[in-house]
Amino acid sequence: MAAALKVLTIAPRAKHTATIVFIHGLGDTGYGWKSVADMFAAEMPHVKWVLPHAPKIPITANGGMVMPGWFDVFQFGAIDAREDEPGMLRTVHAINQLITEEVDAGIPANRIVVGGFSQGAGISLLTGLTTERRLAGLAVLSGFLPLNKKVKSMLNDHAKKLPIFWGHGKLDTMVLFDRATASLEVIKSNLGLNTLVSPDKVLEGGIEFHAYDGLTHSVDDRELEDLKTFLKKVLPAEN
């Protein structure tokens, strides 16, 4: 993953003043989230979407099958499974390169959101909590905290002030709901972040957590509406 990531770019419909980097899940591509970017564009025309494509790698938990992945997975569903730390850190570096490209193009870091689904959610959380830049916010969909025993030593100075949206289905069988709540407990007790922030206070920093009844390892209209509300809050249109 030393090479720059290939990306799908969804251009803004108005003057470009903000960017969302959204990271897909295992086995998917950036095209899997194009419909969401298109759906949100009418209310957020100033936002450019950068949808990176994961490289194809062997996935141990899938019998070594080669598929798009941000890091290897050794066991599906387990809360404390062994993690592919080198793969995770390579991907975080690659996402930071995408952030740098946006900053170099004139978009301040505090006008950039990094988000993702599943594997991509974990990467977005790890990136946002450790990057040297203070981002506008993070969007964590069906995700978890990677490297939870190590991330405290990597934490940036502004992590506690970072607005974070976190949505998770209670019937998720891939990234278990219990894994999400265990991650939140680590984030609260070890990292010192507020994990019970109300939506009207999220701009002050911390995690706005949404649990969705009946939702599996997916998103639905409820979550997308909550996500859009959050994104419009952290990336408002500029006059």
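Okay, one definition before we look at anything: a residue is buried under 20% relative accessible area, exposed over 50%, and partly exposed in between. So Lys170, with a relative accessible area of 41%, goes down as partly exposed. And just so everybody has it in mind, this is a predicted model.

Let's stay with Lys170 for a moment. Its side chain meets that of Asp213 in a salt bridge, at 3.0 Å from N to O. This pair ties together distant parts of the chain: Lys170 is in the loop between strand 8 and helix 4, Asp213 is in the loop between strand 9 (206-212) and helix 5, and 43 residues separate them. There's also a network, where salt bridges that share partners join Glu43, Glu225, Lys228 and Lys232.

How many salt bridges are there by this rule? The count comes to nine. Let me pick out two others.

The first is within a helix. Asp38 and Lys34 meet through their side chains, 2.7 Å from N to O. They're four residues apart in helix 1, which is residues 34-41, so about one helical turn separates them. That fits the textbook picture: an α-helix has 3.6 residues a turn, so residues three or four places apart point the same way. As for exposure, Asp38 has a relative accessible area of 30% and is partly exposed, and Lys34 is partly exposed too, at 31%.

The second reaches across the sequence. The side chains of Glu43 and Lys228 form a salt bridge, again with an N to O distance of 2.7 Å. Here Glu43 comes from the loop between helix 1 and strand 3 (47-53), Lys228 comes from helix 5, and the two are 185 residues apart. Are these two buried or exposed? Glu43 is at 40% relative accessibility, so it's partly exposed. Lys228 is at 10%, so that lysine counts as buried.

Right, on to the inside. The largest nonpolar core has 44 residues, and the ones that touch the most other members are Leu125 and Ile164. Who supplies it? Strand 2 (18-23), helix 2 (85-104), strand 6, helix 3, strand 7 (137-141), strand 8 (163-169) and helix 4 (177-189) each put in at least two residues. Helix 2 gives the most, with six. Then, apart from that one, there's another core of 29 residues, with Val202, Leu224, Leu227 and Phe230 among them.

Zoom in on Leu125. Not counting residues up to four places away in sequence, Leu125 touches Leu138, Val140, Phe144, Leu145, Ile164, Trp166 and Ile187.

Leu125 is also one of the buried residues of helix 3. How many of that helix's 12 residues are buried? The answer is 12 of 12. The cover for them includes strand 2, helix 2, strand 6, strand 7, strand 8 and helix 4. As a quick geometry check, at 1.5 Å a residue the 12 residues of helix 3 should span 16 Å, and the end C-alpha atoms are 17 Å apart, so that agrees.

Just ahead of helix 3 there's Ser118, in the loop between strand 6 (112-117) and helix 3 (119-130). Ser118 is at 9% relative accessible area, so this serine is buried. If you set aside the neighbours within four places in sequence, Ser118 is in contact with Gly25, Leu141, Ser142, Gly143, Phe144, Val175 and His217.

Phe144 turned up in both of those contact lists, and there's something over its ring as well: Arg179 lies over the face of Phe144, at 3.9 Å from the ring centre. You get a similar arrangement at Phe74, where the charged end of Arg82 sits over the ring, 3.7 Å from the centre.

Last topic, the aromatics. Searching the whole structure turns up six aromatic pairs. One of them is Phe165 with Phe230, a tilted pair, 5.8 Å centre to centre with 45° between the planes. This one also links distant parts of the chain, with Phe165 in strand 8 and Phe230 in helix 5 (residues 221-234), 65 residues apart. Both of these phenylalanines are buried. And ring pairs link Phe22, Trp33 and Phe117 into a cluster.

That's my tour.

Note on methods
Residues are numbered from 1 along each chain as its sequence is written. This is a predicted model: local features need pLDDT of at least 70, side-chain atom pairs count only at pLDDT 80 or more; totals for chains, interfaces and linings use all residues. Side-chain values use heavy atoms; hydrogens and water are left out. Buried means under 20% relative accessible area, exposed over 50%, partly exposed in between (1.4 Å probe, protein chains only). Contact means heavy atoms within 4.5 Å. A nonpolar core is a set of buried Ala, Val, Leu, Ile, Met, Phe, Trp, Tyr and Cys residues joined through side-chain atoms within 4.5 Å. The expected span of a helix is 1.5 Å times one less than its number of residues. Rings of Phe, Tyr and Trp (its six-membered ring) pair if their centres lie within 6.5 Å; planes under 30 degrees apart count as stacked, over 60 as edge-to-face and the rest as tilted. A charge sits over a ring if NZ of Lys or CZ of Arg is within 6 Å of the ring centre and within 35 degrees of the ring normal. A salt bridge is a side-chain nitrogen of Lys or Arg within 4 Å of a carboxyl oxygen of Asp or Glu.
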